[in-house]
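Please look over the sequence and the three-dimensional structure below before reading on. The paragraphs that follow lead through them step by step.

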Amino acid sequence: MIRKATLADRPRISEVRLAVRENMLSPGSVSKVETTSDWIFANATFWVWEEAGAVQGFSVADPRDGTIFGLFIHPDYEGRGLGQALLPLACEDVRAAGFAAATLTTGPGTRAERFYRTNGWEEIGRQDNGEIIFRKTL
Ligand SMILES: CC(C)(COP(=O)(O)OP(=O)(O)OC[C@H]1O[C@@H](n2cnc3c(N)ncnc32)[C@H](O)[C@@H]1OP(=O)(O)O)[C@@H](O)C(=O)NCCC(=O)NCCS
């Protein structure tokens with residue numbers, strides 16, 4: 001089941017975020033991620049996939065800048081279509097905020113890189129830290 005998250009889901013969303021084996025949270029970005037999450041919980045939407053009584057994945061856009069802030073699936077639930085089901089909802093939030101395209105960044109050589117390329121995202125550059133910048137027209 002896909003639904004909008006409530007504040008009660010926040011601990012489990014953090015748990016899923018910390019459970020991933022690629023694109024792990026770097027110590028330097030923890031406080032920025034927390035600040036952005038605070039803003040999104042108050043003003044926008046985390047979309048969550050609930051199964052077996054718990055959140056197993058989520059997608060979330062930042063409608064202030066048109067980015068996909070996160071797409072994370074618990075390792076036990078990868079490869080079952082959760083990512084493909086959740087990502088369009090975050091993209092729709094970006095579109096509804098008035099953007100013609102969404103952007104995101106991800107680590108090179110990861111499953112996520114392959115996932116985005118397969119799903120029609122185009123590389124438009126690299127960040128200083130080597131992360132790939134992807135863009136998709138909405
Ligand atoms: C990258 C990530 C979001 C992909 O999510 P996912 O749910 O595993 O992806 P999907 O299942 O939707 O699609 C992946 C594969 O499953 C297949 N699939 C899709 N629907 C399916 C279904 N109903 N049943 C079985 N397989 C399915 C797809 O064809 C695809 O095949 P591939 O492995 O050959 O590419 C996930 O692996 C993840 O969270 N990774 C760690 C964190 C991360 O890197 N996030 C991105 C940060 S920017």
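**A walk through the predicted model**

Strands β2 and β3 are joined as a hairpin that leaves 2 residues between them, and in this turn Ala52 has a positive phi of about 55 degrees. This is a predicted model, and the description that follows should be read with that in mind. The positive phi of Ala52 occurs in a residue other than glycine, and Ala52 lies in the loop between β2 and β3. Is Ala52 buried or exposed? Ala52 is exposed, because 7 other C-beta atoms lie within 10 Å, and a residue counts as exposed when that number is 12 or fewer.

The two strands of this hairpin, β2 and β3, pair in the antiparallel sense over 6 bridges, and within this pairing Trp47 stands opposite Ser59 in β3. On β2 there is also a pairing with β1, since 3 bridges join β1 to β2 and the two strands run antiparallel; here Arg3 stands opposite Val48 in β2. In a regular strand, the side chains alternate between the two faces of the sheet.

Ser59 also offers a point of reference for helix α1, which covers residues 10–19 and contains Glu15. In sequence, Glu15 and Ser59 are 44 residues apart, while in space they are 14 Å apart, taken from C-alpha to C-alpha. Glu15 itself is exposed, because its count of other C-beta atoms within 10 Å is 12.

Between α1 and α2 runs a loop in which Asn23 is found. Asn23 is a residue other than glycine, yet its phi is positive, near 50 degrees. With 18 C-beta neighbours inside 10 Å, Asn23 counts as partly exposed, because that number falls between the 12 or fewer of an exposed residue and the 20 or more of a buried one. Helix α2, which takes in residues 30–43, has 14 residues that should span 20 Å at 1.5 Å a residue, and its end C-alpha atoms are indeed 20 Å apart, so the two values agree. This helix is hardly covered, for the count of buried residues among its 14 residues is 1.

Helix α3, made up of residues 82–96, can be described in more detail. Its 15 residues reach 22 Å from the first C-alpha to the last, which is close to the 21 Å expected at 1.5 Å a residue. Which residues of α3 are buried? They are Leu82, Gly83, Leu86, Leu87, Ala90, Cys91, Asp93 and Val94. Seen down the axis of α3, these buried residues fall within an arc of 150 degrees, and so they line one face of the helix. On the other side of α3, Gln84 and Ala96 are exposed. What covers the buried residues of α3 includes the strands β1 (2–4), β2 (46–51), β3 (54–62), β4 (67–73) and β5 (101–106), together with the helix α4 (111–118). After α3 comes Gly98, whose phi is positive, near 105 degrees.

Helix α3 also takes part in the surroundings of the ligand, for β4, α3, β5 and α4 each supply at least two residues of the shell around the ligand. Which element gives the most to this shell? It is α4, with 5 residues. Of the 21 residues around the ligand, those that come nearest are Asn23, Gly81, Gly83, Gln84 and Ala112. By kind, the residues of the shell divide into 8 nonpolar, 8 polar and 5 charged.

Strand β5, one of the contributors to that shell, is joined by 6 bridges to strand β7 (residues 132–137), and these two strands run antiparallel. Across this pairing, Thr105 stands opposite Ile133 in β7. Strand β7 pairs as well with strand β6 (residues 122–126), in the antiparallel sense and over 4 bridges, and there Glu123 stands opposite Phe134 in β7. The hairpin of β6 and β7 has 5 residues between the strands, and in it Gly130 takes a positive phi near 90 degrees. Gly130, in the loop between β6 and β7, is exposed, because 10 other C-beta atoms lie within 10 Å. From Gly130 to Thr67 the separation is 63 residues in sequence and 18 Å in space, C-alpha to C-alpha.

Note on methods:
Residues are numbered from 1 along each chain as its sequence is written. This is a predicted model: local features need pLDDT of at least 70, side-chain atom pairs count only at pLDDT 80 or more; totals for chains, interfaces and linings use all residues. The expected span of a helix is 1.5 Å times one less than its number of residues. The arc is that of the directions from the helix axis to the C-beta atoms. Two residues are in contact if their C-beta atoms, placed from the backbone, lie within 7 Å. A residue is near a molecule or strand if its C-beta atom, placed from the backbone, lies within 6 Å of it. Ala, Val, Leu, Ile, Met, Phe, Trp, Tyr, Cys and Pro count as nonpolar, Asp, Glu, Lys and Arg as charged, and the others, Gly among them, as polar. Two strands pair if DSSP finds at least two bridges between them.
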